[in-house]
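Student: I have a protein model open and I would like to understand one part of it properly. Could you take me through a close look, starting from a single place and working outward?

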Amino acid sequence: MAHTNRLIAGVDLRSQENNREHRTEEIDRKRLIVRRGQAFSLTVHLSDPLQSGHELALVLKQDKINDDIVIRQRTAGGSGDKWWLHQQSARNELLLTVYSPARAAVGEYRLAVELMSGNKLLERTDFTKMYLLFNPWCKEDAVYFPDERLLKEYIMNENGRIFTGSANSMSGFPWNFGQFEDNVMDICFEILDRFNPASSDPPNDMLQRWDPVYLSRAVVAMVNANDNDGGVLVGKWQEPYTGGVQPTKWMSSVPILEKWSKSKSGVKYAQCWVFAAVACTVMRCLGIPTRCITNFASAHDTDGNLSIDREYNMHGQLVNDDDSIWNFHCWIESYMQREDLPEGYGGWQVLDPTPQERSSGMFRCGPCPLKAIKEGDLNVKFDAPFVFAEVNADVINWEIGPDGQRKRLSSNSANVGRNISTKSPYGNEREDITLQYKYQEGSAKEREVYNKAGRRISGLDGEEESKPGNVQLEIKHAKPVFGTDFDVIFELENMGDKEVSCELNMMSEAVTYNSVHLGRFQNSTVNVVIPAHKVHRETVRLLYTKYASVVSEHNIIRVTGVARVSGQEKSILEMVNIPLSKPKLSIKVPGWVILHRKITTVITFTNPLPVPLNRGVFTVEGAGLLPTKEIRISGSIAPGQRVSVELSFTPMRAGVREFLVDFDSDRLQDVKGVATLVVHKTPPSYFPMMPNIFG
């Protein structure tokens, strides 16, 4: 900001220095981006020294707010809840140290310097932009996080892991949150500006932007587009994905946010982990500590009775699945104090942008304190009963007879909410946080919370659960790879003193991760006699040629066994979900990786299927490395054929970076690969040999 023939010759925002001190230099070094509750400095250049009676002041403006914020000198220090500044003179320069309140509204401001004589305005510079974020390093901020070491993960880390699969077969894949990539911060503020209250009552919306509770509810409402409010993502849980991108193809929030910003309409398509990952990006960018969570065997309780009721016919076919159990479900947790709740409910809060149920008229969920879930305090806002059911609901299986009467086959109070997971802050491993959500299953304290929350596991519809019989059914399998045939073993154990006759129905079907049924492909029935105290095994080989035509992109097979034992009134039902693992691809980066110096990567993939692959495409990207890029493979990839592609790019930011690769084709999708690169500012001088980096 330069002026001629004026006392104020110019103002230096000292953006690079301030941004480094405020841990925002990864976002930008040219624009001033600071965190509230922490001082920053400006240098005002004067053509002549200030005259007696003259003073400088800062003026901040916010869009949609008529009142300016005027910041004046405080000689003895200012109030912690007000803006104030301290001034130091050095010849024709003034160093202004500006103090922002820890409850200031986050967002974009316009800043100008004024020269005042009493109440008379003598000069004012042009307005320039500055940006204010939450500050988890500041003890007075509502998002203050007490362990600064963990903020390297929950604020600063752009590389994540999303855990999927099933409770018995978990796996993680890489995700680029990219909260410091170009334009992402601006897009985050765009999202807040598109929030309905921001347009219907702008002044009130701006006044509430100090509050992480208010903003987090805005974010999770806007990450989905279900309210026709111009939200970021459109959800779809089944093929076809016409007009959009298959959800499993995404591996970064950045192209999603950029596409939304350009089109101003919902990006197609997303499922729970995509909604969660994009919300995590926005929250970390705004300065709120956030982590992605995966709840395995996650309940969706539609009627609010805290139980998942599944009804089967006499042949073991599911006939009512209004309630469902998802193989996994992803949401986020953000760390904040809850001034709107009694003391003790601060800390990690559950937030879920996946559109399932409405909260205060919008598709969103939370923030709900983890403490409320663990203690069964379901009257605590927001949406505690729904979250509690996701991790604690009972599962009750019913059999519907020919006369329409239903009999309870079994119930289970420990099947839902298993292996609740997040990425470890110390690496890419899975951290189990189940005990942060609930007490140990079967413990006295767990039973106490169970009763407090009003869960019911017996006596529904006047039907008491029968005692288990002498025959037990168990289904066993290895960890199969998509594209192979594999065996499933049904074990019937007779623990009684007499032999029994049994009819065993064995059914295999494809399902999505959220339990949508796609079709059966192999079914069989056998009649067996099981001697006393013996085990009978039936082995079924599931064939690629059978399941390939019905499985979804999630590659999940559900195997169900129903045993009818002679002389026993109720059937025995057992069910397992089997995720099929994906093949691997390799990434090779020869040589040191140097900032602003071109490198070449080699990506290699071998077709593991017994059929050719067509329309093959590699998608690559990495925060600080390169934007999203596609490399298409011409022609078919024959069974067992190996293909390699080379890609050159120039790293844009130093530090530990992740290079992400996704491979898709007509018959095989969602093959992921990742290579961790250390981008050096200058070539290392301590080791003469050139390394090879593999992923």
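Student: Please look closely at the packing of helix α3 against helix α8. At what angle do the two helices pack, and which residues make the contact?

Tutor: Happy to! Keep in mind that this is a predicted model.

Let's begin with the two helices. Two packed helices are described by the angle between their axes and the distance between the axes. Here, α3 covers residues 184-194 and α8 covers residues 272-286. Their axes lie 10 Å apart, and the angle is about 105°. Angles from 65 to 115 degrees count as roughly perpendicular, so α3 is roughly perpendicular to α8.

Now for the residues that touch. From α3 come Val184, Met185, Cys188, Phe189, Ile191 and Leu192. On the α8 side you will find Thr281, Val282, Cys285 and Leu286. An α-helix has 3.6 residues a turn, so residues three or four places apart point the same way. Try that idea on the two lists as you turn the model. As for chemistry, the residues of this contact comprise nine nonpolar, one polar and no charged.

Next, let's use α8 as a signpost to another spot. Val274 and Gly165 are 109 residues apart along the chain, and their C-alpha atoms are separated by 15 Å. Gly165 belongs to strand β11, residues 159-166. Its relative accessibility is 12%, which means that Gly165 counts as buried. Leaving aside residues up to four places away in sequence, Gly165 touches Phe296, Asn327 and Phe328.

Another helix worth finding is α7, residues 254-263. The buried residues of α7 are Val254, Pro255, Ile256, Leu257, Trp260 and Ser261. Just after α7 comes Lys264, with a positive phi near 60°. Most residues other than glycine have a negative phi, and most peptide bonds are trans. That second point matters for the loop between β13 (233-235) and α7, where Pro240 is placed. Glu239 and Pro240 are joined by a cis peptide bond, with omega about 5°. While you are looking there, find Tyr241: Lys236 lies over the face of its ring, 5.5 Å from the ring centre.

You can look for similar features elsewhere. Gly366 and Pro367 also have a cis peptide bond between them, with omega near 5°, and Pro367 sits in strand β22, residues 365-369. Lys371 lies over the face of Tyr345, at 5.2 Å from the ring centre. Asn419, though not a glycine, has a positive phi of about 50°. Asn419 is in strand β25, residues 418-423, and with 22% relative accessibility it counts as partly exposed. Asp670 is not a glycine either, and its phi is positive, about 65°. Asp670 is placed in the loop between β40 (655-664) and β41 (671-680), and its 16% relative accessibility makes it count as buried.

Finally, a word on rings. The structure holds 24 aromatic pairs. One of them is Phe521 with Tyr547, which is edge-to-face: 6.3 Å centre to centre, with 65° between the planes. This pair links distant parts of the chain, 26 residues apart, since Phe521 is in strand β30 (residues 517-530) and Tyr547 in helix α13 (residues 544-547). Phe521 and Tyr547 are both buried. They belong to one aromatic cluster with Phe482, Phe486 and Tyr544.

Technical notes
Residues numbered from 1 in each chain as written. Predicted model: local features only at pLDDT ≥ 70, side-chain atom pairs only at ≥ 80, totals over all residues. Heavy atoms only, no water. Phe/Tyr/Trp six-rings, centres within 6.5 Å; stacked < 30°, edge-to-face > 60°. Helix = DSSP H or I, 4+ residues; strand = E, 2+ residues; numbered from the N terminus. Buried < 20%, exposed > 50% of the residue type's maximum accessible area, 1.4 Å probe, protein only. Lys NZ or Arg CZ within 6 Å of the ring centre and 35° of its normal. Axes fitted to C-alpha atoms, helices over the stretch in contact; angles between N-to-C directions. Parallel < 35°, antiparallel > 145°, perpendicular 65-115°, else oblique. Contact = heavy atoms within 4.5 Å. Nonpolar A, V, L, I, M, F, W, Y, C, P; charged D, E, K, R; others polar.
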